[in-house]
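Q: I should like a close look at a single part of this protein, followed by an account of its wider setting.

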Amino acid sequence: MEEIQSQSDNYRSSSSSASSPASRVPSSNFFYLRKPGSLRQPISFEDSPEWEDTDVDVRVEGGGDSINAATTPVSPSLSKLNSGSLPSPPMPEGAAVARKIAGASVVWRDLTVTIKGKRKYSDKVVKSSNGYALPGTMTVIMGPAKSGKSTLLRAIAGRLHPSAKMYGEVFVNGAKTHIPYGSYGFVDRETTLIGSLTVREYLYYSALLQLPGFFCQKKSVVEEAIHTMSLGDYANKLIGGHCYMKGLPSGERRRVSIARELVMRPRILFIDEPLYHLGSVSALLMMVTLKKLASTGCTLIFSIYQSSTEVFGLFDRICLLSNGNTLFFGETLACLQHFSNAGFPCPIMQSPSDHFLRAINTDFDRIIAMCKNWQDDNGDFSSVNMDTAVAIRTLEATYKSSADAAAVETMILRLTEKEGPVLKSKGKASNATRIAVLTWRSLLIMSREWKYYWLRLILYMLLALCIGTVFSGLGHSLSSIVTRVAAIFVFVSFTSLSSIAGVSALMKEVKIYASEESNQHSGALVFLFGQLLSSIPFLFLISISSSLVFYFLIGLRDEFSSLMYFVLNFFMCLLVNEGLMLGVASLWQNIFWSILTLVTIHVVMMLAAGYFRIRNELPGPVWMYPLSYIAFHTYSIQGLLENEYLGTNFAVGQVRTISGYQALHSAYDISPSSNSKWENLLILFLMAVAYRILVFVLLHFRARKNVSLRRLCLCDRNSTT
């Protein structure tokens, strides 16, 4: 304690030039400080069963805290935000007006989260955190990187990683329970959006996936979400842009991801880093929008790394973390007083959040160590000549013995002593509805994503045209059999190999599924059926166009039934290959490793397909068993050759004739049975089903464990923040 006291005295003396003694006490000259007697709009949860239209102000003596819906800042520029005098953006005709939301109180007590191996000296990411969030307010969890703010947010929302363990209690409306579906929304730091859809289309399909009921009822919900997040000017613009048109800026994309959760009209909204990758103007606009959302009664809890002075003035309560320890919880103004009492007053010309993070971020110690002997024209490089570890211990010790901590404990007791209305789970859309919505949405995406779909169609036709012209004019003689086998092998193998160009599109679909599944908007089975049904028309279009070009250029069997079998066989081959690519993409969840794996698999399957060496002559271990039986090229090529040569005869000289099976047997291993081509087609169908089942298992495993093969094989350096 003597060391802490001496270091605090050194800091007070060093900061006297930047901050006078009077400045250590909160002054009303700063816009982020509230005037005495500022108007508050209290919300009580004791008298009304719906927690609406109440006017009881519950205060805690000594702590200076209260249950209120919103607080009015003193700034002449920002005080209009909460008072309602700031002009709202114009509403389009027919737009829905944001309705009041019956919020819910959230309390966490003695919350500790442990993640094994995530910390060097301790596996405790969050340590005995206490706090609460009230309806109509914005509660922010702030701290430097790797302080545990995102982990605390996920622990409160019940969205922790399966490897994490939570100790402590979380209360919702005074009841110790999990937040049910539809009563809360969670926005991740990075949300995968669909760039080929407009904002209105994206939100409308999201509403169809989440909400039960009729389509017309969901349009009003979408319009309300668009108005709430101030997206009216961007409602009909593509999220990702197209051709010469740019997509939405990062700020608008972030608001779209929040609007997706608002279609459920949640009572509690959790946002992980709402200002992630946003500039100062976009960040202020985002927080003003969230402040207006909180004014409707919604309970907002979000994590944040750093904010400007203007943004800081919009917060109601702040939970300050460092290395998992709670250094302060309470109103934002009281946090300034807390730092001043601990010996770290905020300088006049410095942002409060910058000052907080400067004092508790241990990364600054390295800068001080590097520059401690370096002087510039203004003196020392560092304005705080105290070790951050000492500052953290000082702030933590000061907070534990302060009236603010006692006020938090008292408020937590009051919020948990009586249970309020129980939040009920909202209904979900049926699985049949979700499958239909995903199918239609995927078809719309395919029609607009020319780079990944229509370009692939052109590529297939060009490839079929090249192969057909190279092997054209073969005739139907006995000597052309070997060349025809080569043409069919090249066609099946090269077209399957060129399908790898669509891995990027499949990877996007997997990421979109992961984003929607994390919020229970979709499921593995729903995603698989929707993706399968939407891909069938596209794959059939590719198969029939490419098959017609290749079939007539080569001059294959002139029968309509043979042509239809060729198209059907090639379609099943593409369907199997699509399932294989989807499985690899789900396994790796990385484009580079997925492409590398698929190229390796295709090359190995081509070698084991029986063209370079007849299947019966392949080495027994590995190549014949099991590779030649796993390679779908084998069954596709066998079926196409049996379709071409079974039932035909070739003249040998002027008297003797041999069957097509006998003529082909030395070039490729096929079956003499007349039904063998249909057996090969059935095997292809079963392989397509098997790959889809494998994808289902992988997606289900990923949803349960949230891991990928890349994370298992490579070192994941991203620590929990």
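In which helix is Ser515 found? Please describe its surroundings, and then turn to other parts of the fold.

A: In this predicted model, Ser515 lies in helix 17, which covers residues 503-518. Ser515 has a relative accessibility of 9% and therefore counts as buried, the cut-off being under 20%. Leaving out residues up to four places away in sequence, Ser515 touches Thr191, Thr192 and Arg260. With Arg260 there is also a polar contact, made between the two side chains at 3.2 Å.

Turning to the nonpolar interior, the largest core comprises 112 residues, and Phe270, Leu290, Phe315 and Leu320 have the most contacts inside it. A second core, separate from it, has 79 residues, among them Phe527, Phe571, Ala631 and Leu640. Beyond its neighbours within four places in sequence, Phe315 is in contact with Met138, Val140, Met142, Met287, Phe302, Ile304, Ser307 and Thr332. Met287 and Leu290 both belong to the buried residues of helix 7, which also include Met286, Val288 and Lys291. Helix 7 runs over residues 280-294; at 1.5 Å a residue its 15 residues should span 21 Å, and because its end C-alpha atoms are 21 Å apart, the two values agree.

A last element is a hairpin formed by strand 19 and strand 20, with three residues between them. Strand 19 (residues 649-652) and strand 20 (residues 656-659) run antiparallel and are joined by four bridges. One of the pairings places Val652 opposite Arg656, its bridge partner in strand 20. In the turn, Gly653 has a positive phi of about 80°.

Notes. Residues are numbered from 1 along each chain as its sequence is written. This is a predicted model: local features need pLDDT of at least 70, side-chain atom pairs count only at pLDDT 80 or more; totals for chains, interfaces and linings use all residues. Side-chain values use heavy atoms; hydrogens and water are left out. Helices (H or I, at least four residues) and strands (E, at least two) are DSSP runs, numbered from the N terminus. The expected span of a helix is 1.5 Å times one less than its number of residues. Buried means under 20% relative accessible area, exposed over 50%, partly exposed in between (1.4 Å probe, protein chains only). A nonpolar core is a set of buried Ala, Val, Leu, Ile, Met, Phe, Trp, Tyr and Cys residues joined through side-chain atoms within 4.5 Å. Contact means heavy atoms within 4.5 Å. Two strands pair if DSSP finds at least two bridges between them. A polar contact is a pair of N or O atoms within 3.5 Å; within protein, one must be able to donate a hydrogen and the other to accept it, and residues adjacent in sequence count only if both atoms are side-chain atoms.
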